[in-house]
Amino acid sequence: MATVASATTGPVSGTAEAATSTRSTPLVPAGDRKVRFTADGTTTYGTVHIPAHRAGQRLPAALLIPGSGLTDRNGDQPPATTPHTLALFASTLGEDGVMSLRFDKYGTGRTGWGRYKNSDQIDMPAYTRQAVAAYNALRARP
């Protein structure tokens with residue numbers, strides 16, 4: 001499993017203004033949101049985990065990339081292996097205030113093979129393009 005992170009910054013802490021605005025801003029509860037993006041003409045499905053945060057707060061973010069083999073967004077290779085590695089990692093990052101995106105690699109989950117069905121043309125550059133599209137989808141989130 002590889003991880004790519006992109007950090008953002010929020011208000012400067014330690015100032016009276018930042019402390020006052022943080023206390024008066026409502027807390028947004030943690031949650032998962034379904035997302036989709038397109039790579040190589042195939043719709044890829046994923047999950048964004050957003051940790052509890054104050055409304056308007058900017059969050060650091062991490063892209064969770066499925067490992068080798070037919071690994072889905074949760075880090076599983078069903079039906080035999082279902083450790084939920086990436087889902088658990090997203091939850092742990094969330095506890096540290098980090099938003100994350102994980103996605104179904106080609107051949108897995110809801111994404112399936114897409115344009116690569118019945119093809120021997122899938123290669124590492126295709127998986128790389130899918131990961132870049134995932135990064136761009138994460139980066140585009142408000």
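Start by selecting Lys105 and Tyr127, where the charged end of Lys105 sits over the ring of Tyr127, 5.1 Å from the ring's centre; a charge counts as sitting over a ring if NZ of Lys or CZ of Arg is within 6 Å of the ring centre and within 35 degrees of the ring normal. Before going on, note that this is a predicted model, in which local features need pLDDT of at least 70 and side-chain atom pairs count only at pLDDT 80 or more, while totals for chains, interfaces and linings use all residues. Residues are numbered from 1 along each chain as its sequence is written, and side-chain values use heavy atoms, with hydrogens and water left out.

**Stop 1: the tyrosine rings**

Keep Tyr127 selected and add Tyr106 and Tyr116, since these three residues form one aromatic cluster. Rings of Phe, Tyr and Trp (its six-membered ring) pair if their centres lie within 6.5 Å, and planes under 30 degrees apart count as stacked, over 60 as edge-to-face and the rest as tilted. By this rule the count comes to 3 aromatic pairs. One of them joins Tyr106 and Tyr116, which meet edge-to-face at 5.1 Å centre to centre, with 65° between the planes. Both Tyr106 and Tyr116 lie in the loop between strand E7 (99-103) and helix H3 (124-139), so the pair ties together parts that are 10 residues apart in sequence. Helices (H or I, at least four residues) and strands (E, at least two) are DSSP runs, numbered from the N terminus.

Now look at Tyr106 together with Tyr127: the ring centres are 6.0 Å apart and the planes are at 45°, so this pair is tilted. Because Tyr106 belongs to the loop between E7 and H3 whereas Tyr127 is in helix H3, the pair ties together parts that are 21 residues apart in sequence. Are these two rings buried or exposed? Tyr106 is buried, with a relative accessible area of 0%, whereas Tyr127 is partly exposed, at 22%; buried means under 20% relative accessible area, exposed over 50%, and partly exposed in between (1.4 Å probe, protein chains only).

**Stop 2: Gly112 in the loop**

Select Gly112, which also lies in the loop between E7 and H3. Leaving aside neighbours within four places in sequence, Gly112 is in contact (heavy atoms within 4.5 Å) with Lys105, Tyr106 and Gly107. Gly112 and Thr44 are 68 residues apart in sequence, and their C-alpha atoms are 8.3 Å apart in space.

**Stop 3: strands E7 and E6**

Next select E7, where 5 of the 5 residues are buried, so the strand is largely enclosed by the rest of the structure. In a regular strand the side chains alternate between the two faces of the sheet. In E7, Met99, Leu101 and Phe103 point one way and Ser100 and Arg102 the other way.

Which strands should be added beside E7? E4 is joined to E7 by 4 bridges and the two run antiparallel, while E6 and E7 pair in the parallel sense over 4 bridges; two strands pair if DSSP finds at least two bridges between them. To see individual partners, find Thr47 opposite Arg102 in E7, Leu63 opposite Leu101, and Ala62, whose bridge partner in E7 is Ser100. In E6, Ala61, Leu63 and Ile65 point one way and Ala62 and Leu64 the other way, and all are buried.

**Stop 4: the nonpolar cores**

A nonpolar core is a set of buried Ala, Val, Leu, Ile, Met, Phe, Trp, Tyr and Cys residues joined through side-chain atoms within 4.5 Å. Of the 19 residues in the largest one, select Val48, Leu63, Met99, Leu101, Phe103, Ala134 and Leu138, which touch the most other members. Strand E3 (31-39), E4, E6, E7 and H3 each supply at least two residues of this core, and H3 gives the most, with 5 residues. A second, separate core of 6 residues includes Ala62, Leu64, Ala90 and Val98.

**Stop 5: helix H2**

Finish with helix H2 (residues 85-95), where Leu86, Ala90, Leu93 and Gly94 are buried. Seen down the axis of H2, these buried residues fall within an arc of 100°, so they line one face of the helix; the arc is that of the directions from the helix axis to the C-beta atoms. They pack against strand E4 (42-50), strand E6 (61-65) and E7, whereas the face turned away from the buried side carries the exposed residues Leu88 and Glu95. Just after H2, select Gly97, which takes a positive phi of about 80°.
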